[in-house]
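Let's work through a protein model together, one question at a time. Have the picture ready.

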Amino acid sequence: MRCLHCHQDGIAVSAVVCPGCGVHLPSLLRDVLPPGTQLRGDTYRIDYALGRGGFGITYRAVHTALDQLVAIKEFYPQEHAVREGTTGRLNVPTPQQEVYRRGLQRFMREGRILARLNHPNVVRVQDLFEERGTAYLVMELINGRSLRKEMDAQGGRLPVEQVRAVVEQCVAALEAVHAADVYHLDIKPDNVLLHEDGRVVLVDFGAARQGFSSRSTRAFTVEYAAPEVLAGEKVGPESDLFELAMMAHEMLTGERPPSALERLLRDTWEPRGLSEPWESLLRAALRLRGEERPQSVRGWWEGKGAKAQREVAAAPASVEPPQPTRLPTAAEPEPPLMPALALRGFFIAPSLARQGMERRLGRGRICNIVALDDERVLVVSESGAGVFDLTREEAVWEVDCPASCGALSPDGAMLALGGVGGIVLWDLRAGRLISRLEGHMDRVNSVAFSPDGRYLASGSGDR
């Protein structure tokens, strides 16, 4: 079997601890369908899990009649469903059922779109069906390894000709996918597979479109994501192009460029020291403002991106350059958020303290990020919120309080965190909970203060 933490293969089924990373395997595989599970009658038989994410689990399986190995992706949004231990069926709590249903419909719809593509550089979909209260997408199983493993095997960087071949085939894949109005939004070396026959295959398509809202449950990788993906704004071909260029830079140099989040706070980075046309291509594709990037991956790859970059460089010096996009905040604070910036320490919601719960070991999925100044950001996650100092790479203030969204008041004195049970208000000066607002029938997925701080608006799956 495979460790879902470090992805080491060939582990004995009887193993309790992963020999590669030391993780406790039974805990890691608690919600995974066991080997031998039959799907669609006895058409498919599961071997073991290949990977998992916030929206699903992917298994290696066998088509029993054809004796053919396949990959099967199960729709399993862990925030909204729980698996029965005996039947393997997914149960969805009543308040989450409408949200879950919409997500399931999107999963099915995107599976049908990908099935129609039939492109050699896009993972092929072979079957799609519903059972056990969820849906399953059957795909070809790629014989090969991920681009990440290939880069690791070569010391982090690849020969220029190999980079060119990988990018060329990724461009071909994205061109076909964008024509179907689908965007990947999670392009990274882990999601690019290198087939034994030399074919490059893009996998995990549509991950970001399987979420349940525009921001709180998107499935993307922060280190590669474009600014508009981080902010939950409108995306397009230029969003995938940004991530492809991030990956190309990493293949060429062995180093990933600073993330869009880092550049939004202090944008001093540009691709330098690369041979042409790479430097011009990457400079055009890695612009922070989406409208300044080429709007076609094929056009970019054929040189229009480099041409656009030369035109920008030749623009009159008197023209003021556009300002980089900022991550959205509940309100633009003025003056600076001194209460939040001055916070130090750790706090816990009274309801958790009464249950004897101690400080968490992980912060969970990031819901949204608010820039406080050039060095600090407020990060709201499923487990609570924290102020992070990017220069020291550490959290200077944290609060344990499960959340799916958050917002700061204009004066920076109050933090609103929304979640399953409603909205809680924290006094940031005193580090204490001051109020709890209830009334929504579903998870609160968006909160915002009015500019004068008098009103708090909230959005939820209950509409």
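What follows is a chat between a student and a tutor about this structure.

Student: Before we start, what kind of model is this?
Tutor: Residues are numbered from 1 along each chain as its sequence is written, and side-chain values use heavy atoms, with hydrogens and water left out. Local features need pLDDT of at least 70, side-chain atom pairs count only at pLDDT 80 or more, and totals for chains, interfaces and linings use all residues, since this is a predicted model.

Student: How many salt bridges are there?
Tutor: First we need a rule: a salt bridge is a side-chain nitrogen of Lys or Arg within 4 Å of a carboxyl oxygen of Asp or Glu. Going by that rule, the count is 24 salt bridges.

Student: Which residue does Glu98 form a salt bridge with?
Tutor: Look in helix α2 (residues 97–117), where both partners lie 4 residues apart, about one turn of the helix. Helices here are DSSP runs (H or I, at least four residues), strands are runs of E (at least two), and both are numbered from the N terminus. An α-helix has 3.6 residues a turn, so residues three or four places apart point the same way. With its closest N and O atoms 3.5 Å apart, the pair is Glu98 and Arg102.

Student: Is Glu98 buried or exposed?
Tutor: Buried means under 20% relative accessible area, exposed means over 50%, and partly exposed is in between (1.4 Å probe, protein chains only). Arg102, at 28%, counts as partly exposed. Glu98 has a relative accessible area of 29%, so Glu98 is partly exposed.

Student: What about Gly103: buried or exposed?
Tutor: Gly103 also lies in helix α2. Its C-alpha is 9.8 Å from that of Tyr76, 27 residues away in sequence. The relative accessibility of Gly103 is 0%, so Gly103 is buried.

Student: Which residues are linked in a network of salt bridges?
Tutor: Start with Glu140, whose side chain meets that of Arg124 in a salt bridge (3.2 Å, N to O). That pair links distant parts of the chain, with Glu140 in strand β8 (residues 134–140) and Arg124 in the loop between α2 and β7 (125–131), 16 residues apart. Glu140 also forms a salt bridge with Arg199 (3.5 Å, N to O). The full network is Arg124, Glu140, Asp197 and Arg199.

Student: Which of the two, Glu140 or Arg124, is buried?
Tutor: Arg124 has 35% relative accessibility, so Arg124 counts as partly exposed. The relative accessible area on the other side is 8%, so the buried one is Glu140.

Student: How many residues does the largest nonpolar core have?
Tutor: A nonpolar core is a set of buried Ala, Val, Leu, Ile, Met, Phe, Trp, Tyr and Cys residues joined through side-chain atoms within 4.5 Å. In the largest one, Leu147, Val167, Met251 and Trp300 have the most contacts, and its residue count is 91.

Student: Which helix gives the largest share of this core?
Tutor: Met251 is one of the residues with the most contacts inside the core. Contact means heavy atoms within 4.5 Å, and Met251 touches residues including Leu147, Leu158 and Val163. The largest share of the core is 9 residues, from helix α6 (residues 237–253).

Student: How far apart are the end C-alpha atoms of helix α4?
Tutor: The expected span of a helix is 1.5 Å times one less than its number of residues. Helix α4 (residues 160–179) has 20 residues, so it should span 28 Å, and the distance between its end C-alpha atoms agrees: 28 Å.

Student: How many disulfides does the structure hold?
Tutor: A disulfide is a pair of cysteine sulfur atoms within 2.5 Å. Cys21 is in none, as the nearest cysteine sulfur, that of Cys3, is 3.7 Å away. The number of disulfides in the structure is 0.

Student: How many residues of helix α8 are buried?
Tutor: Helix α8 covers residues 278–285 and is mostly covered. Among its buried residues are Trp278, Glu279 and Arg283. The count is 8 of its 8 residues.

Student: Last one: which residues is Gly254 in contact with, leaving aside neighbours within four places in sequence?
Tutor: Gly254 lies in the loop between α6 and α7 (260–265). Its C-alpha is 9.6 Å from that of Gln154, 100 residues away along the chain. Its contacts are Gly156, Arg157 and His249.
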